[in-house]
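Student: I've got a model open and a pile of labels for it. Can we go through what earns each label?

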Amino acid sequence: MYACVLVAQGMVAAVNLLIPQLAASTLHPSPGELLWAVDAYVIVFAALLIPAGALGDRYGRKGALLSGLALFAGGGALSALAPDPAVLIAGRGLCGAGAALIMPATMSVLVRLTPAERRPQALATWTLSAGLGGLAGNVGGGLAGEFLTWRALFWAVVPLAALLALTVARAVPRTPSRPDAAVDPLGALILAGALFAVVYGIIEGPSYGWSSEQVLTAFGAGAALLAAFAGYALRAARPLLDPRIFASRRLRAGTLGIGAAFFGLFSLFFVNAQYLQYAKGFSPARTGFAIVPLTIGMALVPRLGARLQQRTGPRLPVGLGLVLIAAGLLLVSTVGAGTPYPVYACHLLVLSAGTGLCAPSLTLTVVSSLPPHQAGLGAGLNTAAREIGAALGVAVVGTVLASRFHGSPGADPGQAAAFTDAMGVALRTVAAVLLAAAAVVVSGFRGTGRRRSAAAGGQGAS
């Protein structure tokens, strides 16, 4: 399960380090096509997560997982063989659809098979795997960019997905399908369209401008479709996602907290490669490895966060974790071209410790807020919040950076200094937004002490 999560999440980040190679390739993509080659995966992934989770609940999580791995392999092969940008974009979208089936299925299988007392630790490791996937994507993309070709990265997906599918088929027991679980095709179509429009607007905002016709149309369509989905779901006998679940203050806090944590984390991912390559002069491969310190906090702290959550409830680990993420961003905002790398690595450790501390409690909160037969839907909601938060983090830091820096950071030392100054302002902006969100999240966990937390952990057993 954890390996499937790592691979699916890794492809979100891997292509970012191959942008220069793709731009210079024989495909000759336009700037818009290049952007879509990167974003198609994330947009399709985020749009389909909730419907994909419901499909797993209805027809079986193991089948959903195997189907997702098959789509993932097919998308990788299509991308590797792409003769033109349109086929590459289609392959990336197909990979995103596969990832949308993989992520909720893995979490719901864990919730189903893990005893209640071990569920926080299992979800902590799931969270670690998702974080490590982003780092593995950076490393793999950097190595491919320096020593191989962009096609090699996509070809590697095919045998990897096949190996994972074989292992899942042999090692993972089937969980019962639930014929009574709601799939609601019309509701799924409306909600997927709404999420597609919203994520598209977030991602394209920095490129086209937030007041551009494309972005305003996307947000308008997203808002209209979300309103239509809410009205439809409130009247439907068995809706895909009942909007009334968000009457739960605890669920609202968990969903916002997950989005806020990855809002901060992915804002760092966006500027990290640029800072290390442009300001520090690192090669693509060295850049990929230079973010590895983030694995330390994510590897060591989640189990501590899970134990703390069991003893005190989610409020303390969530609040402290979100504050540490903001503190890490503020520390990174102070670096310049002359900052020694060990100092930069220590700043990354602070941020990674915060992510590892809060993510398990937030994940458990969202998943346990829904009934057991909707574990896949809860996992889809959790991961959708992550992806939307990540897209917002990239959009906000990219917009502030673009508004304060114009030019090429690698052109001369003066340009590099201007870039790091603008990066500092962008990261401080993200940190301020994150701290405000943290205050709202912590207030939403009022009254969630140890007893309530233990009860929530046991709710997923069935």
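Tutor: Sure, we'll take the labels one at a time.

Student: What is the mean pLDDT of the protein, and how many of its residues reach 70 or more?

Tutor: This is a predicted model, with a mean pLDDT of 81 and 90% of its residues at 70 or more. Residues 451–462 have a pLDDT below 50, and beyond near neighbours in sequence that stretch has 23 contacts in the model.

Student: Why is T255 called buried?

Tutor: Buried means under 20% relative accessible area. T255 has 17% relative accessibility, so it counts as buried. You'll find T255 in helix 10, which spans residues 249–279.

Student: What is T255 in contact with, leaving aside its neighbours within four places in sequence?

Tutor: Contact means heavy atoms within 4.5 Å. On that basis T255 is in contact with F246, V366, L381 and A385.

Student: And T287, why does that one count as buried?

Tutor: The cut-off is under 20%, and T287 comes in at 2% relative accessibility, so it counts as buried. T287 is in helix 11, residues 284–290. Not counting residues up to four places away in sequence, T287 touches N272, A273, L276, Q277 and F282.

Student: How far apart are the C-alpha atoms of T287 and L113?

Tutor: They're separated by 38 Å, with those positions 174 residues apart along the chain.

Student: What makes a set of residues a nonpolar core, and which members of the largest one touch the most other members?

Tutor: The residues have to be buried and nonpolar by type, joined through side-chain atoms within 4.5 Å. The largest core here has 133 residues, and Y41, I50, F72, L294, L322 and L329 touch the most other members. Helix 10 gives the largest share of this core, 15 residues. As for F72, its contacts more than four places away in sequence include V7, M11, Y41, C95 and I102. In soluble globular proteins, nonpolar side chains tend to be buried together.

Student: How do you know that domain 1 and domain 2 touch?

Tutor: The domain assignment gives domain 1 as 1–171 and domain 2 as 185–239. Ten residues of domain 1 are in contact with ten residues of domain 2. The two bury about 960 Å² between them, 79% of it on carbon and sulfur atoms. W36, I43 and A47 supply 44% of the area that domain 1 buries against domain 2, more than any other three residues.

Student: How many salt bridges does the rule find across that interface of domain 1 and domain 2?

Tutor: Zero. The rule asks for a Lys or Arg side-chain nitrogen within 4 Å of an Asp or Glu carboxyl oxygen, and it finds zero such pairs across this interface.

Key
Residues numbered from 1 in each chain as written. Predicted model: local features only at pLDDT ≥ 70, side-chain atom pairs only at ≥ 80, totals over all residues. Heavy atoms only, no water. pLDDT = per-residue confidence, 0-100. Helix = DSSP H or I, 4+ residues; strand = E, 2+ residues; numbered from the N terminus. Buried < 20%, exposed > 50% of the residue type's maximum accessible area, 1.4 Å probe, protein only. Domains from an automatic or database assignment. Buried area = accessible area lost by both parts, 1.4 Å probe.
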